[in-house]
Amino acid sequence: MNNLDLIKMALGNLLRRKTRTLLTILGVVIGTSSIVVMLSLGIAMDYSFKEQLSRMGSLNLIDVNNYGFYGEGIAPGGGKDLKLDDHAVNSIRQIQGVQGVMPIKTAYVRIVAGKMMGNLPVIGIQPELMEVFDFKVETGRLLMASDKDAIVFGKQITMNFYNPRLRNPQFGPMGPEPPKIDLMNNKLILTTSMEYGERRMAGVERDPNQKPPKLYKVKGVGILQESQSEKDYNAYMHMDTLQKILEESQRTEQGEGQRRRGSQQNDQYERVSVKVEDINQVEAVQEQIKTMGFQPFSLTDMLKSMKETSRKMQAILGGIGAVSLFVAAIGITNTMVMSIYERTREIGVMKVLGADLTDIRKLFLLEAGMIGFGGGLLGLVLSYLISLGLNKIGGGFLGGMGGNTGISVIPFQLAMAALAFSTIVGLVSGFSPARRAMNLSALEAIRSE
Amino acid sequence: MVNIQNVRKVYKIGEERVVALNDISLKIHPEEICCFLGTSGSGKSTLLNIMAGLEKPTKGTITIQGKKIEKMSEKEVTKFRQKNIGFVFQSYNLLPSLTALENVSLPLTFRGVPKNMRDRIAMEMLESVGLKKHIAHKPSQMSGGQQQRVGIARAFVSKPPIVFADEPTGNLDSKTTEEVMSLMLNMAREYKQTLILVTHDKSIAEFADRIVYILDGNIEKVEEKGLMKGAGIE
Ligand SMILES: Nc1ncnc2c1ncn2[C@@H]1O[C@H](COP(=O)(O)OP(=O)(O)O)[C@@H](O)[C@H]1O
Ligand SMILES: [Mg+2]
């Protein structure tokens, strides 16, 4: 028999018993959609973890901090003299898979722009690393190697500015509206003194010995794109300039400067940010940095444990769905066996008239497979509808946490896999009945009245 | 054509043994119309089924066109039937879900003949059994005689060298019986096929070239009908 005839005949047989076929298919529909919907919840969880994390920063980044580096085996404070300095930066750069290493120093400075004034962290950075580390400007440009006195601002940095002459300085993110300030065109004065520009309070004597704070003229060259990360809240300038400012401030106002910058030493960096080419290498690179004695941290780290959680979740949810598909599989087998009882005579006649044994087996497998496939297809439609509904309803109260992801996600691969799976379930369920039909004695069959 | 040699068939039902066929030997010639006649329970159907390879003999051999049927596997015997044997059943055995046309073309479908070709052949067959107007009818919409004519068209559609018919008129009235019998005989003669009939009805046996009387699993006697042999067979 050619395949088209087989398919037609199988379809005809299914259509002959519409109610029973539909009920059997319904079982598969429920089974498939419960698996798909359950898994989609787990997948959505995975996605939203990822989304949340990537909002916190890039997943390719590893941060190494200038504190807490006592790895396994090294007692705190004892043993190695470990410094997060140029030497360490170089060794990290040697690790395979590392695309760039950005040493970071931070100074808390005050910037005065016209009438406005703001305290903000300025990070020293090597300008050529900005592109590697995905800095993107919204207006202006990034830093260049020749920029000694240029600053690039994070998107949210304007929030730090206020007008000290106003009675109720509206500053900070709590302010009713962001302060209007043009950091690109105004002349900017930068200082490390946190008293600069304040009105002096009556009765407080100025210490005559204290030198006036050193002022630096700087210019804003760019505003970064909003990235929902720490980049939004920092300003960036050339590492060399920052280094100079820090040194000078230490000289002029020893006490205060020291306090502000904590235990930072001049030849050491506060933090080193490492960019890894491929997300899959992050773990290995991190492991290497750990063996150097540092305590690296990455979001991938977190992602791993989150993924672990969602995998367990998916296994449980998928298991629940699998039970209902298993029940559906029993339904298919039952339907096929019943169908054989009903069609015993027919099968016998077909055999006597010369139907190939394999054709008879194929016919029954095809019928079971069609139930599986049809059920899977309808199940997918139902799954997408349920998913849509869940996201409509559940999106509301989980919106803050779930972000754009929603609480149910059905990726194309899951849909295809589900369709393949339900078809296979159909075929497997039909296997034994099909064999039975094939091995039926033709004579017994036509004799049965 | 068909050579039956010392065929014996014994059924075991629990402790009891039923000898359906004792020791049967017979040669059936090409293009012959041969009828097995005997009372109910004499073993006619058993013999026919063994000849068609639907059942294996306890002893003896069946040779059709030089091939030993009882030695074939089920797969081989199915293929063999597909190519060489047509069947007419007492209870018609049409597939209830198929139309007359589809029922007739079924043996061609099993052989993998393309649809347009098999529809054409099946149509011709239905026309020659006088059911041109009923091609789209389901079996349930036809009378017994019409159903059996569809059955005959189906048995002959693939022009098999041998057609078996087990009590083909057992469920029909006498007038329809006559129509159906002459239809079968004409077809067999037209296509030069061997027709092997089984019946308990003497009047039907009269149509055959040779009547083989079966009694309790043995051949009682063989009656050649010189009149019908005029066609120059043997
Ligand atoms: N499958 C079987 N199992 C047991 N006995 C059988 C079977 N088939 C036929 N018989 C017995 O064999 C004998 C011959 O049966 P059968 O060939 O059907 O006779 P006929 O067709 O001449 O009426 C009967 O006694 C019948 O009971
Ligand atoms: Mg009989």
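**Pockets, cavities and sheets in a two-chain model**

Mentor: Let's start at the largest pocket: 30 residues line it, and those nearest its centre are R447(A), S45(B), N49(B), Q90(B) and D166(B). Keep in mind that this is a predicted model.

Trainee: How do we go about spotting such empty space, and how much of it lies in the largest pocket?

Mentor: The general idea is that rolling a probe the size of a water molecule over the atoms shows where empty space is left. Here the largest pocket holds about 660 Å³ of it.

Trainee: Which helices and strands each supply at least two residues of that lining?

Mentor: From chain A there is α10 (442–447), and from chain B there are β2 (16–28), α1 (44–51) and β6 (85–88). The largest share, five residues, is the work of α1(B).

Trainee: And what does the lining of the largest pocket look like by class?

Mentor: Sort its residues and you get 12 polar, 11 nonpolar and seven charged.

Trainee: What about cavities: how many of 30 Å³ or more turn up in the whole structure?

Mentor: The search finds six, and the volume of the largest is about 100 Å³. Its lining includes R16(A), R17(A), R20(A), E342(A), R343(A) and E367(A). Helices α1 (3–16), α2 (18–56) and α7 (299–352) of chain A each supply at least two of the lining residues, with α7(A) giving the most, five. By class, the lining of this cavity has six charged, four polar and two nonpolar residues.

Trainee: On to sheets. In what order do the four strands of the open sheet in chain B run?

Mentor: As a general point, strands of a sheet pair through backbone hydrogen bonds, either parallel or antiparallel. In this four-stranded sheet the order is β2-β1-β4-β5 of chain B, and the pairing is antiparallel. The edge strands are β2(B) and β5(B) (67–68); each has a single partner, so one side of each is left without a neighbour in the sheet.

Trainee: How many bridges join β4(B) and β5(B)?

Mentor: Two, in the antiparallel sense, with β4(B) covering residues 59–64. To find the register, look at T63(B), whose bridge partner in β5(B) is K68(B). Then look at α1(B), which we met in the pocket lining: this helix lies across β1 (2–13), β2 and β4 of chain B, at about 120 degrees to β1(B).

Trainee: Which strands make up the six-stranded sheet?

Mentor: That open sheet, also in chain B, reads β6-β7-β8-β3-β9-β10, and its pairing is mixed. At its edges stand β6(B) and β10(B) (218–224), each with a single partner strand, so one side of each has no neighbour in the sheet. Ignoring direction, neighbouring strands are turned by 20 degrees against each other on average. For a parallel pair, take β7(B) (162–166) and β8(B) (194–199), joined over five bridges; I162(B) stands opposite T194(B) in β8(B). Helix α2(B) (74–84) packs on this sheet, touching β6(B) and β7(B), and its direction makes about 80 degrees with that of β6(B).

Trainee: Last one: where in chain B does pLDDT stay under 50?

Mentor: Over residues 228–234, for which the model has 11 contacts beyond four places in sequence. Chain B averages a pLDDT of 91, and 96% of the residues score at least 70. For the complex, the predictor gives an ipTM of 0.91 and a pTM of 0.72.

Terms used
Residues numbered from 1 in each chain as written. Chains lettered and ligands numbered in written order. Predicted model: local features only at pLDDT ≥ 70, side-chain atom pairs only at ≥ 80, totals over all residues. Heavy atoms only, no water. 1 Å grid on protein atoms, 1.4 Å probe; cavity = no way out; pocket = protein on both sides within 12 Å on 5 of 7 lines; lining within 4 Å. Points joined across faces, edges and corners; volume = space filled by probe spheres on them. Nonpolar A, V, L, I, M, F, W, Y, C, P; charged D, E, K, R; others polar. Pairing = 2+ DSSP bridges. Contact = heavy atoms within 4.5 Å. Axes fitted to C-alpha atoms, helices over the stretch in contact; angles between N-to-C directions. pLDDT = per-residue confidence, 0-100.
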